[in-house]
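Please open the model in a viewer and keep the sequence panel at hand. The tour below proceeds by selections, each followed by an account of what is found there.

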Amino acid sequence: MFANYLIGLREGLEASLVVCILVAYLVKTGRREALRPVWTGIVVAVLLALGFGCALTYGSRELTFEAQEALGGSLSIIAVGLVTWMVFWMRRTARHLRSELQGKLDKALVMGTGALVLTAFLAVGREGLETALFVWASVQASSDGTHAPLIGVVLGLLTAVVLGWLFYKGAVRINLAKFFLWTGGMLVVVAAGVLAYGFHDLQEAGWLGGLTDLAFDIGSTIPPESWYGTLLKGVLNFQPDPTVLQVTVWTLYLVPALGLFLAPVGFGRSRGKRGGERVAGADEGSAEDAGTSAAG
């Protein structure tokens, strides 16, 4: 449940910050008449993400077992690719997010209402679709027959909405650079488990071999039905009897991805860590400006 809460919180907070930046900029520049089309685009984007998630959930139930596993495995791999790109993109370019969104809004204001709706829709819609796909894949991977994974996602999203509102009102400030660093790192760990689960699905679908080649089996030591087995399953998508392919994929993804993500921004460039520190500070400042600009 914690892993799914983290996904909802991290993904939801990114979308909340985008909304906060859009609304705060219009309010601060005295263009409140543009708020209605912007909110229209935001609502349409949210509804699209919800519809996409429902289509994945209910549409897959009509398929055969092999088709369900093939679909689940394929979408899990795609979801991991998207979320990996997203966390690295946010790590590198978050400092430009506010100016980029404001620039798009300025152009849309010149073009008219339709452009405003489209700008808000695209800004939030991408986050929404990515979130819906990764949440679906993660819930499938960590499902234990209860509604706990879905409840965790909903609680995370609700927390993100509350934080977004508090940022907008200027009622709370946190170091968003460090927040996104730590949550991004944990999200990479969660993504590794989802990726391994996706490959296991493809094995069960018959697309890949090695389903009976277990790397180890510690089910007697860590029973899946125990409280600690359930905890490991919910947080890390832990499986006591993974296949060799699952362990290989998990390792080959997690080690380089986590190492690169935790490296200073600008690693390998002439400025090295110094550039990374500058970016981190800029990220934090941009986020705080987004949350307080309307109040100012």
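In which helix is Leu26 found? Leu26 belongs to helix H1. The model on display is a predicted one.

**First stop: Leu26**

Select Leu26 and display its side chain. Is Leu26 buried or exposed? Its relative accessible area is 0%, so Leu26 is buried. Next, show what surrounds Leu26. Leaving aside residues up to four places away in sequence, Leu26 touches Arg31, Arg32, Ala34, Leu35, Val38, Leu105 and Leu109. For one of these, Val38, a distance can be drawn: the C-alpha atoms of Leu26 and Val38 are separated by 9.5 Å, with the two residues 12 apart along the chain.

**Second stop: the whole chain**

Now zoom out and switch to a cartoon view. The chain has 10 helices and 0 strands. Read from the N terminus on, the elements therefore follow the order α-α-α-α-α-α-α-α-α-α. Of the 296 residues of the chain, 48% count as buried. Contacts across the sequence can also be considered here: among those between residues at least 6 apart, 82% join residues at least 24 apart.

**Third stop: helices H1 and H5**

Two packed helices are described by the angle between their axes and the distance between the axes. Colour residues 2-28, which form helix H1, and residues 113-142, which form helix H5. The axes of H1 and H5 come within 10 Å and cross at roughly 175°. H1 is therefore roughly antiparallel to H5, since angles over 145 degrees count as such.

Which residues of H1 and H5 make the contact? On the side of H1, select Asn4, Ile7, Glu11, Glu14, Ala15, Val18, Val19 and Leu22. On the side of H5, select Ala120, Ala123, Val124, Glu127, Thr131, Phe134, Val135, Ser138, Val139 and Ser142. By class, the residues of this contact divide into 11 nonpolar, 4 polar and 3 charged.

**Fourth stop: Thr131 and Glu11**

Within that selection, centre the view on Thr131, which is found in helix H5. With a relative accessibility of 10%, Thr131 counts as buried, because the limit for that class is under 20%. What joins the side chains of Thr131 and Glu11? A polar contact of 3.4 Å does so.

**Fifth stop: Gly128**

Remain in helix H5, where Gly128 also lies. Gly128 counts as buried at 15% relative accessibility. Draw a distance from the C-alpha atom of Gly128 to that of Phe52: the separation is 9.3 Å, and the two residues are 76 apart along the chain.

**Sixth stop: helices H4 and H5**

Add residues 97-111, helix H4, to the view. At what angle do H4 and H5 pack? The angle is about 155°, with the axes 8 Å apart. H4 and H5 are therefore roughly antiparallel to each other. The contact is made by Leu101, Lys104, Leu105, Ala108, Leu109 and Met111 of H4, together with Ala115, Leu116, Thr119 and Ala123 of H5. These residues comprise 8 nonpolar, 1 polar and 1 charged. Leu105 and Leu109 were also met at the opening stop, among the residues that Leu26 touches.

**Seventh stop: Gly152 and Thr183**

Select Gly152, which is found in helix H6, residues 148-169. Gly152 is buried, its relative accessible area being 0%. Its C-alpha atom is separated by 8.0 Å from that of Leu6, a residue 146 places away along the chain.

Keep Leu6 displayed and select Thr183, found in helix H7, residues 176-204. Thr183 is buried as well, with a relative accessible area of 5%. What does Thr183 touch, not counting residues up to four places away in sequence? Thr183 touches Leu6 and Arg10.

**Last stop: the cysteines**

Finally, select Cys20, which is found in helix H1. Cys20 counts as buried at 4% relative accessibility. The C-alpha atoms of Cys20 and Arg98, 78 residues apart along the chain, are separated by 9.8 Å. Move then to Cys54, which is partly exposed, with a relative accessible area of 42%. How many disulfides does a search of the whole structure find? The search finds 0 disulfides. A disulfide is a covalent bond between the sulfur atoms of two cysteines.

Conventions
Residues are numbered from 1 along each chain as its sequence is written. This is a predicted model: local features need pLDDT of at least 70, side-chain atom pairs count only at pLDDT 80 or more; totals for chains, interfaces and linings use all residues. Side-chain values use heavy atoms; hydrogens and water are left out. A disulfide is a pair of cysteine sulfur atoms within 2.5 Å. Buried means under 20% relative accessible area, exposed over 50%, partly exposed in between (1.4 Å probe, protein chains only). Axes are lines fitted to C-alpha atoms, for helices over the stretch in contact, and angles run from 0 to 180 degrees between N-to-C directions. Helices (H or I, at least four residues) and strands (E, at least two) are DSSP runs, numbered from the N terminus. Angles under 35 degrees count as roughly parallel, over 145 as roughly antiparallel, 65 to 115 as roughly perpendicular and the rest as oblique. Contact means heavy atoms within 4.5 Å. Ala, Val, Leu, Ile, Met, Phe, Trp, Tyr, Cys and Pro count as nonpolar, Asp, Glu, Lys and Arg as charged, and the others, Gly among them, as polar. A polar contact is a pair of N or O atoms within 3.5 Å; within protein, one must be able to donate a hydrogen and the other to accept it, and residues adjacent in sequence count only if both atoms are side-chain atoms.
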